[in-house]
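This report covers a surface charge patch and two polar contacts. The sequence and structure are shown first.

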Amino acid sequence: MSQEDGLKKIISHAKEYGFVFPSSEIYDGLSAAYDYGQLGSELKNNIKNYWWTSMVRMNDNIVGIDAAIFMHPTTWKASGHVDAFNDPLIDNKDSNKRYRADVLIEDHIAKIDKKIDKDVAKGFKRFGDDFNEAEFRATNPNVLRRQASIDEINRKFKEAMNDDNLAAVKALIEELGIVCPISGSKNWTDVRQFNLMFNTELGAVSGDAGIIYLRPETAQGIFVNYLNVQKSGRMKIPFGIAQIGKAFRNEIIARQFIFRMREFEQMEMQFFIKPGTQTEWYEHWKEERKKWHSALGLGDENYRFHDHIKLAHYADAACDIEFNFPMGFKELEGIHSRTDFDLKSHEEFSGKKLRYFDPESKESYVPYVVETSIGLDRMFLAVLSSAYTEETLEGGNERTVLRIPPALAPVKVAVLPLIKKDGLPEKAKEILKSIRLKHNVQYDEKDAIGRRYRRQDAIGTPLCITVDHDTLNDDAVTVRERDGMTQERIAIVDLPAYVEARVGLETLFS
Ligand code: ATP
């Protein structure tokens with residue numbers, strides 16, 4: 001299946017089963033905005049809950065807040081977003097299509113990277129089990145030549161961006177012979193900067209004085225509340241503040257489904273530390289985040305770390321956790337060592353001290369910050385795309401199954417009376433009642449049992465409980481598991497514990 005087909009299938013499955021709909025679809029939709037349906041919002045809530053639990057509940061020194069989307073406009077001057085939250089954009093004069101210049105260059109690099117992977121695959125074919133990939137990558141002349149060309153492109157791009165030299169970015173695009181994917185031409189405009197913040201007017205105040213922004217990141221709501229939380233919560237450094245909330249960016253190009261939206265949700269945690277300890281904490285949070293992802297079982301081979309080439313204006317170290325989406329490896333989460341840039345800048349612009357007094361050493365300082373920032377919608381896409389599987393079963397039947405990690409599945413259990421009479425529906429509803437307070441459960445009595453199983457497979461329900469005539473005598477039910485399709489007879493009294501052990505959040509923390 002091509003990458004494009006893979007994504008298309010996921011988009012159509014997501015719509016058909018109530019996970020994600022295009023926004024305001026009856027008016028033909030709105031570009032880069034999506035609505036989460038009845039199952040999508042359950043899945044989203046479960047991802048949030050997993051993140052929040054791991055950050056706020058499992059760490060004594062991390063607390064959560066929920067700040068307003070609107071903030072005093074000076075916030076965004078202090079944070080650097082008014083002056084520097086730009087993407088370099090470029091248009092192709094023949095197709096009139098607009099691109100991010102940095103993305104054109106990144107895509108070009110990805111093509112060279114793919115060639116390296118092909119060289120490695122060839123080497124593997126030639127040498128078989130004796131193949132030493134690390135040695136091959138370090139010595140093969142083709143690989144070395146290609147890698148040197150990637151390094152050179154990165155160097156030139158970094159230099160151009162650091163110098164704010166947009167002419168040099170355009171020159172690099174021309175030098176690499178990058179063509180517009182639509183027109184195939186190299187007829188480019190100059191590169192210009194485009195600010196990604198949405199703005200609107202506050203109340204009845206018009207003109208510059210009334211301009212207010214929709215926050216482009218949740219982080220600043222945490223920085224401006226640093227002292228409020230530290231004082232009211234009597235927090236001692238090191239400590240963290242976590243938040244889940246909407247962010248808005250007027251993305252130049254927003255394709256690829258919920259991967260890049262103009263309105264999206266972030267799950268961020270800013271960890272306040274003593275200056276000088278940032279390298280240690282940066283490594284700590286890289287490791288912690290890796291574990292969080294790994295526990296989901298989406299496959300460690302689908303993740304990789306990518307160090308930033310060009311550091312943002314606030315960072316002294318930064319990397320992305322990339323995920324193997326249907327479109328290839330792309331950023332899922334960022335881990336940034338933000339120094340004291342934000343708090344210092346807010347001190348300057350507000351005239352208020354944002355310091356920490358260390359009661360032991362008796363020093364007062366502006367804390368440094370290491371942050372982890374993950375896009376909830378991108379995590380949703382990572383879960384959905386890695387879960388989507390089409391299978392041919394023994395006997396030639398086909399099924400589409402979403403192998404969503406059970407603890408995140410939108411519906412945890414389906415309760416199915418074998419037939420619609422003889423007291424089986426009543427018994428099934430009793431069972432449903434005993435589980436629904438803890439887990440999202442569905443009741444289904446329509447169609448043959450096999451078809452009902454398929455419907456549950458298609459939405460990723462980990463367990464189906466079937467109530468049959470024997471149930472009325474032995475007070476036991478048949479439980480069918482989604483992935484292996486194995487069936488077990490379980491006593492009704494044991495069901496709550498049985499279900500919890502298989503689909504509870506705790507399964508992710510063992
Ligand atoms: P990109 O390079 O893909 O534009 P970014 O580096 O600007 O992303 P950050 O500012 O580090 O992203 O934001 C943190 C996280 O927020 C990202 O890792 C991503 O998961 C999410 N995110 C950022 N922009 C979007 C968007 N337009 N739509 C959905 N999620 C987003």
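How buried or exposed is Lys115? Lys115 is partly exposed, with a relative accessible area of 47%; buried means under 20%, exposed over 50% and partly exposed in between, with a 1.4 Å probe and protein chains only. The model is predicted: local features need pLDDT of at least 70, side-chain atom pairs count only at pLDDT 80 or more, and totals for chains, interfaces and linings use all residues. Residues are numbered from 1 along each chain as its sequence is written, and side-chain values use heavy atoms, leaving out hydrogens and water.

Lys115 lies in helix H5, a DSSP run of H or I with at least four residues, whereas strands are runs of E with at least two. On the surface, Lys115 gathers with Lys111, Lys114, Lys118, Lys122 and Arg145 in a patch of positive charge. Such a patch joins like charges within 9 Å, from residues with over 30% relative accessible area and no salt bridge, that is, no side-chain nitrogen of Lys or Arg within 4 Å of a carboxyl oxygen of Asp or Glu. Helix H5 (residues 101-127) supplies the largest share of the patch, 5 residues.

Two other residues, His81 and Ser373, are tabulated below with their elements and relative accessible areas.

| Residue | Element | Relative accessible area |
|---|---|---|
| His81 | helix H4 (residues 81-84) | 2%, buried |
| Ser373 | strand E16 (residues 368-375) | 11%, buried |

The side chains of His81 and Ser79 are joined by a polar contact of 2.6 Å. A polar contact is a pair of N or O atoms within 3.5 Å; within protein, one must be able to donate a hydrogen and the other to accept it, and residues adjacent in sequence count only if both atoms are side-chain atoms. For Ser373, the side-chain partner is Glu268, in a polar contact of 2.7 Å.

Terms used:
Patches are made of residues with over 30% relative accessible area and no salt bridge: like charges are joined within 9 Å, nonpolar side chains (Val, Leu, Ile, Met, Phe, Trp, Tyr) within 5 Å. Accessible areas come from the Shrake-Rupley method with a 1.4 Å probe; for residues, only the protein chains shown count as cover. Lys and Arg count as positive and Asp and Glu as negative; His and the chain ends are not counted. The place of a charge is taken as NZ of Lys, CZ of Arg, CG of Asp or CD of Glu.
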